Amino acid sequence: MYTQSLDNHGQAPVDTAAEDAQRCAQFQGRVDLDERIEPKDWMPDAYRQTLIRQISQHAHSEIVGMLPEGNWITRAPSLRRKAVLIAKVQDEGGHGAYLYSAAETLGVSRDELLEQLLSGAAKYSSIFNYPTPTWADVGAIGWLVDGAAIVNQIPLCRCSYGPYARAMVRVCKEESFHQRQGFEIMLALARGTAAQKQMAQDSLNRWWWPSLMMFGPNDADSKHSAQSMRWKIKRFSNDELRQRFIDATVPQAQFLGLSVPDPKLRWDEQTGHFEAGPIDWNEFFDVIKGNGPCNRERLEARRDAHAKGAWVREAATAYALKHRADGLTRAA
């Protein structure tokens, strides 16, 4: 992908104070007509910054999300499980690469985004700051976490910003396989021995509430949702997406013979939806602030991997420079 800065030709950046009401109105009109906004198009700076924040957090989440499952690659119970898990973790790395590329089209560098992650300045999904003590957690992540991601991300395929929307098409296709893989693990455990079924139940108990938190705060407490929906970066509110996930997932848990750990969960005949109990948002915000079970562990792992990969980046840069120089010599 390309970056908008390539076409600036040395011009000063747009002064956000000079963005007049007419241009903003024209921009909103394009959004209202479901036109795709592309990197070279004019856009309000607030729209650009909102996209950079959301896409970079999404990319960081894919990269950090490799860690909880990567921890189980060498301990997966069979060669088949190892191969599938390796493929899945590799997919997540690819998703991060697509999304960093999409963010770069907004004029921010990948190095800058990675520095924000490694310094702790940038956020990523709180779900990846929980531990995976048993093999069943790998199944629960695929079934619940990737299932929640699919509900959240399918509408992003119709995001108003073209590069983000196009990146999400492939991401969602691959996430659908991840969700099926996780459910298949949970099904095998639920139909196994009593100890295996209990392992599956315990993992559901651990991941149910954090999965509901993945959709973000309730609409009344969400700082960015209303404007993101007006710009059609988001298509549905946090609570709408969370309800879709609950309605789809509770019957799956019933099919597995597992119990959703919510004593207040009930089916509402009038609304045609499951009504869930209250979420502990104190836990959510505490994890976001860096106080989750694995926050420090996850960031340290990323910093260590980044440091150990320095020689690869240096070698790739040296090769690219040599290749470019050879090309210039041949052209001369």
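Apart from its neighbours within four places in sequence, Q28 is in contact with R230 and W231 in this predicted model. Q28 itself has its place in helix α1, which covers residues 21-32, and because its relative accessibility is 9%, Q28 counts as buried, the cut-off for that word being under 20% relative accessible area. Contact with one part of the chain should not be read as closeness to every other part, and Y100 can serve as an illustration: Q28 and Y100 are 72 residues apart along the chain, and their C-alpha atoms are separated by 26 Å.

From this one residue we can turn to the pairs of charged side chains. The count of salt bridges comes to 18, and among them is the one that K88 forms with E69, in which the closest N and O atoms are 2.5 Å apart. This pair links distant parts of the chain, since K88 belongs to helix α4 (residues 79-104) while E69 belongs to helix α3 (residues 66-70), with their positions 19 residues apart in the numbering. Both K88 and E69 are buried.

Another salt bridge joins R266 to D268, with 3.6 Å between the closest N and O atoms. How exposed or buried are its two partners? R266 has a relative accessible area of 42%, and therefore it is partly exposed, whereas D268, at 12% relative accessibility, counts as buried. Elsewhere, salt bridges that share partners join R30, E35 and D41 into one network. A further salt bridge brings together the side chains of R298 and E297, at 3.4 Å from N to O, and R298 is buried, because its relative accessible area is 5%.

The last step leads from single side chains to a pair of helices. Helix α6 (residues 135-153) packs against helix α8 (residues 194-213) at an angle of about 35°, and the axes of the two helices are 9 Å apart. The crossing in which α6 passes α8 is right-handed. On the side of α6, the residues that take part include W135, A140, I141, W143, L144 and V145, and they meet a set of residues in α8 that includes M199, L204, W207 and W208. What kinds of residues make up the contact of α6 with α8? They divide into 13 nonpolar, 2 polar and 2 charged residues, and a reader who wants to find examples in the structure may look at D137 in α6 and at S203, R206 and S211 in α8, which are also among the residues that meet there.

Key: Residues are numbered from 1 along each chain as its sequence is written. This is a predicted model: local features need pLDDT of at least 70, side-chain atom pairs count only at pLDDT 80 or more; totals for chains, interfaces and linings use all residues. Side-chain values use heavy atoms; hydrogens and water are left out. Helices (H or I, at least four residues) and strands (E, at least two) are DSSP runs, numbered from the N terminus. Buried means under 20% relative accessible area, exposed over 50%, partly exposed in between (1.4 Å probe, protein chains only). Contact means heavy atoms within 4.5 Å. A salt bridge is a side-chain nitrogen of Lys or Arg within 4 Å of a carboxyl oxygen of Asp or Glu. Axes are lines fitted to C-alpha atoms, for helices over the stretch in contact, and angles run from 0 to 180 degrees between N-to-C directions. A crossing is left-handed if the near helix is turned anticlockwise from the far one by less than a right angle, and right-handed if clockwise. Ala, Val, Leu, Ile, Met, Phe, Trp, Tyr, Cys and Pro count as nonpolar, Asp, Glu, Lys and Arg as charged, and the others, Gly among them, as polar.
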